[in-house]
Amino acid sequence: METPSDLPKFAVLQLSGCSGCEVSLLNSDEWISNFNLVYMPLVVSTHKLPEDIEVLLVSGGVRTDEDLHNLHKGASRSKKLIAVGTCALSGGIAQIPEGHISRESYLDSSHRLRLPSMLPRAYPIDKFVHVDLYLPGCPPTPELFITALKEAENARIASIVCQECGRKKLTNMRPTSISGPRSGTPDPEICLINQGYLCLGTSTRGGCGALCTRPGHACVGCRGPANPYLNKDPEFVLDNLRRVFTRMTDIPIEEINAALASPWLSLFLGQFTDYTQDQSLPQRTKEKMI
Ligand code: SF4
Ligand code: SF4
C-alpha cells in the first residue's frame with residue numbers, strides 16, 4: 001500500500017488572491033489519496049517550498065515583487081504548473097486600482113515596515129512563467145480541481161454555460177427592457193435572457209455546472225471566455241453578447257449597449273477576459289484550458 005510519502009508531491013502556491021480557490025479545493029477530498037500535499041500555507045504550516053514538486057497549483061495574481069519571486073521559485077521546482085482561478089489567469093480583483101488613500105496608507109513605511117513593493121498592476125502568471133494547464137473560475141469548483149489534477153487529458157467540458165443550465169430558450173418571450181440583477185423572481189424553467197436578465201452564459205466556458213443560473217442568478221462569466229473567444233479582443237465577446245440580446249429580445253440597442261458598458265458588468269468582464277489585451281502574453285490554446 002502506498003504511504004503518503006510514496007505519492008507525487010503536490011503544492012499550492014498562493015500569490016495575491018483571496019484563498020477562495022484553496023477553499024474550493026478543500027471542499028473536495030478525492031485528491032488526497034493521489035497526492036502528498038507538501039506545501040499550502042492555508043493548511044500546512046511550513047514556509048519551505050520543497051525542491052521536487054510533481055504538480056504545483058498557483059492561485060492569485062502577480063501583484064508584488066514578492067509574488068514574482070515566489071512564482072519563479074515555484075516554477076523552477078515543479079514538473080507541472082497549473083494556473084488556477086481568475087487571479088492567476090487574469091490578475092483578478094487585485095488588478096483594479098485601489099483608492100489613493102488606502103494605497104498611500106498601505107505603502108507608508110512609517111506605519112508598516114518591509115512590505116513587498118507593489119508592481120504597477122496584478123499580472124497573470126503566464127506573463128512570467130510557463131503554464132502547462134489553465135483552470136479558470138472564481139473560484140473553480142471542487143469538481144474542476146479534480147478534473148485538472150486527475151483527468152485533464154480526457155476532460156469533457158461543456159463548451160458554454162448554457163449547455164449545463166437546463167433553462168429553455170423561447171422564441172416567443174421577448175423582454176423589452178433589462179431587469180436589474182437582483183430584481184424580481186425569475187421563472188425557474190426559462191432562459192434568464194428571455195426574462196430580461198443580463199446573462200453571459202452564451203459566451204462563457206462551461207464546466208461549473210451552471211452554478212449560478214440554475215437557481216436564477218445571471219452568469220457573470222467567471223469561467224472566462226469559451227473557446228471561440230480565447231485570445232480575442234474583448235470587443236469580440238461584447239459583439240457576440242450584443243447579437244444574442246438583439247436576437248432574443250426587443251430591448252433597444254442603446255439600452256443593451258449601456259448595460260454591456262456598465263461599471264457593474266465591466267467589473268466582471270474586466271477580470272475574466274482582461275488578459276486578452278496584453279499582447280506580451282502567450283496565446284492560450286483550447287487544449288490547455290479546462
Ligand atoms: S439563463 Fe444564461 S446560461 Fe442559462 S440558457 Fe439562458 S443564457 Fe444560457
Ligand atoms: S454560472 Fe457563470 S458566474 Fe456562475 S460559476 Fe458558472 S461561469 Fe461562473
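This is a chat about the sheet, one loop residue and a helix pair in a predicted model.

Colleague: Before we start, what kind of model is this, and how is the numbering done?
Modeller: It's a predicted model, where local features need pLDDT of at least 70 and side-chain atom pairs count only at pLDDT 80 or more, while totals for chains, interfaces and linings use all residues. Residues are numbered from 1 along each chain as its sequence is written, and chains are lettered from A and ligands numbered from 1 in the order in which they are written.

Colleague: OK, the sheet. What's the strand order?
Modeller: The order is 2-1-3-5-7 in an open sheet of five strands, with parallel pairing. Strands here are DSSP runs of E with at least two residues, helices are runs of H or I with at least four, and both are numbered from the N terminus. Two strands pair if DSSP finds at least two bridges between them.

Colleague: Which strands stand at the edges?
Modeller: Strand 2 and strand 7 (133-135); each has a single partner strand, so one side of each has no neighbour in the sheet.

Colleague: And who sits opposite whom in strand 2 and strand 7?
Modeller: Lys9 is opposite Asn36 in strand 2, and Ala83 is opposite Tyr134 in strand 7. Strand 1 (residues 9-14) pairs with strand 2 (residues 36-39) over three bridges, in the parallel sense. Strand 5 (residues 78-84) also pairs with strand 7 in the parallel sense over three bridges.

Colleague: Is strand 1 mostly covered or uncovered?
Modeller: Mostly covered, with six of its six residues buried. Buried means 20 or more other C-beta atoms within 10 Å of a residue's own, exposed means 12 or fewer, partly exposed is in between, and the C-beta atoms are placed from the backbone. Lys9, Ala11 and Leu13 point one way, and Phe10, Val12 and Gln14 the other.

Colleague: Switching topic: where does Pro140 lie?
Modeller: In the loop between strand 7 and helix 5 (142-150). Pro140 counts as buried because there are 27 C-beta neighbours inside 10 Å. Leaving aside neighbours within four places in sequence, its contacts include Cys21, Val84 and Phe145; contact means C-beta atoms, placed from the backbone, within 7 Å.

Colleague: Last one: how do helix 7 and helix 8 cross?
Modeller: The axes of helix 7 (residues 234-248) and helix 8 (residues 253-260) come within 10 Å and cross at roughly 140°. The residues making this contact include Leu238 and Phe245 of helix 7 and Ile256 of helix 8.

Conventions:
Axes fitted to C-alpha atoms, helices over the stretch in contact; angles between N-to-C directions. Contact = placed C-beta atoms within 7 Å.
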